[in-house]
Amino acid sequence: MAQGKLPHYSVALGALLLLWGSSWGLFFAPAETYMGDVQRIMYVHVPTAWNGMLALTIAFFFAVVSLWKGGLGWDARLEGALEVGVVLCTLLCMQGAIWAKPTWGVWWDWDPRLTTTAVLVFAFGGILALRQFVDDPVKRATWSAVAAIIAFADVPIVYFSVRWWNSLHQLQSSPATVSRAFHWPLRINAFGILFLMSGLIALRARLAALRREDEVAPPLPVTVPHGASFAEGARS
Amino acid sequence: MNDGVIRDGWTFVWAAYGVTALILTGYATSVFLRYRSARQKSAPVKP
């Protein structure tokens with residue numbers, strides 16, 4: 001796998017954009033009429049949601065290609081996207097709970113959007129955890145891809161849950177329903193997390209590929225000093 | 001909160017941004033460290 005620095009630059013650019021967008025959202029954007037300053041949480045919560053869902057969609061794509069083409073390279077990419085997606089969706093639930101307490105009066109509610117998102121975290125997190133128990137890399141790649149494709153069915157359910165059922169969670173916003181004063185911090189942070197996510201998926205995939213190489217590499221030959229017997233070499 | 005407006009929300013705002021910074025920084029650092037360690041381990045040994 002290429003050893004270029006592009007993922008490092010992507011992570012650095014993402015971090016800079018996040019700093020810029022968050023500073024704008026915290027210190028320069030106006031407070032919302034009813035939610036007040038609590039609305040500023042949306043500048044990190046919404047971009048985390050978009051990119052968490054995107055990371056799991058990328059994982060779904062890698063899973064399909066992994067099954068279709070085979071090869072452990074696609075499994076390494078799948079592992080990278082799965083882990084980053086689970087981290088972002090876990091963070092999403094934590095940010096949501098912190099926002100829910102002052103607005104809904106509770107940290108958590110078993111409403112359709114929150115429940116389906118929790119199922120998403122446990123389903124994809126479970127795949128990552130169970131991968132540790134399969135020693136054969138080829139079998140691990142196959143069943144991980146199948147499990148990721150099945151678990152992905154929850155992603156559109158999360159998206160449409162607020163339309164299909166009565167939910168405490170509000171419907172999706174659009175530029176038409178959000179004041180122009182809130183657009184830029186939201187967009188900058190969305191691109192910030194996008195660059196961060198892309199770089200981290202690429203790096204995590206490289207890490208997984210290096211581990212795969214170690215797994216499938218033949219054992220190193222035992223080196224015996226010249227002139228010594230095998231028994232002496234083994235003792236030294 | 002009788003007028004329907006949420007006041008004094010800054011504690012929650014800082015908590016949300018703090019958790020975000022902690023998790024993203026911590027995870028990115030963990031990926032960098034694990035990647036560096038794996039590269040060093042797989043680097044060919046110089047004769």
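What radius of gyration does chain A have, and what would a compact globule of 236 residues have? I looked this up first. Chain A has 23 Å, whereas a compact globule of 236 residues would have a radius of gyration near 18 Å. I note here that the model is predicted.

**Entry: confidence**

I recorded ipTM 0.88 and pTM 0.88 for the model. For chain A, I found a mean pLDDT of 88, with 90% of the residues at 70 or more. For chain B, the mean pLDDT is 87, and 87% of the residues reach 70 or more. I then looked at residues 229-236 of chain A, where pLDDT stays under 50. The model has five contacts beyond four places in sequence for residues 229-236 of chain A. I keep in mind that predicted coordinates should not be read in detail where pLDDT is low.

**Entry: outline of chain A**

I took the extent of chain A along its principal axes. Its C-alpha atoms fill a box of roughly 85 × 35 × 30 Å. I listed eight helices and zero strands in chain A, and the order from the N terminus reads α-α-α-α-α-α-α-α. Of the 236 residues in chain A, 41% are buried. I also checked the contacts in chain A with a separation of 6 or more: 79% of them join residues 24 or more positions apart.

**Entry: the nonpolar core**

I asked which elements supply the largest nonpolar core, which has 63 residues. At least two residues come from each of helix 1 (6-28), helix 2 (42-69), helix 3, helix 4 (112-131), helix 5 (137-151), helix 6 (154-164) and helix 7 (183-216) of chain A, and also from helix 1 (10-42) of chain B. Helix 3 of chain A gives the largest share of this core, 15 residues. Among the residues with the most contacts inside the core I noted A:Ile41, A:Ala59, A:Leu78, A:Ala81 and A:Ala148. I followed A:Ala59 further. Leaving aside neighbours within four places in sequence, A:Ala59 is in contact with A:Leu78, A:Ala81, A:Leu82, A:Gly85 and A:Ala148.

**Entry: A:Ala97**

I located A:Ala97 in helix 3 (residues 72-104) of chain A. Is A:Ala97 buried or partly exposed? I counted 18 other C-beta atoms within 10 Å of A:Ala97. A residue is buried only from 20 such atoms and exposed at 12 or fewer, so A:Ala97 is partly exposed. Beyond its neighbours within four places in sequence, A:Ala97 is in contact with A:Trp107 and A:Trp108. I also took the distance from A:Ala97 to A:Gly192: they are 95 residues apart in sequence and 22 Å apart in space, C-alpha to C-alpha.

**Entry: chain B and its contact with chain A**

I found one helix and zero strands in chain B. Of its 47 residues, 15% count as buried. I compared the span of helix 1 of chain B with its expected span. At 1.5 Å a residue, its 33 residues should span 48 Å, and this agrees with the 48 Å between its end C-alpha atoms.

I then listed the buried residues of helix 1 of chain B: B:Phe12, B:Val13, B:Ala16, B:Thr20, B:Leu24 and B:Val31. What do the buried residues of helix 1 of chain B pack against? They pack against helix 2, helix 3 and helix 7 of chain A. The contact takes 30 residues from chain A and 23 residues from chain B. On the side of chain B that touches chain A, I recorded 16 nonpolar, four polar and three charged residues.

Notes:
Residues numbered from 1 in each chain as written. Chains lettered and ligands numbered in written order. Predicted model: local features only at pLDDT ≥ 70, side-chain atom pairs only at ≥ 80, totals over all residues. Helix = DSSP H or I, 4+ residues; strand = E, 2+ residues; numbered from the N terminus. Rg over C-alpha atoms; globule rule 2.2 N^0.38 Å. Contact = placed C-beta atoms within 7 Å. Nonpolar A, V, L, I, M, F, W, Y, C, P; charged D, E, K, R; others polar. Core = buried A, V, L, I, M, F, W, Y, C linked by C-beta atoms within 7 Å. pLDDT = per-residue confidence, 0-100. Expected span 1.5 Å × (residues − 1).
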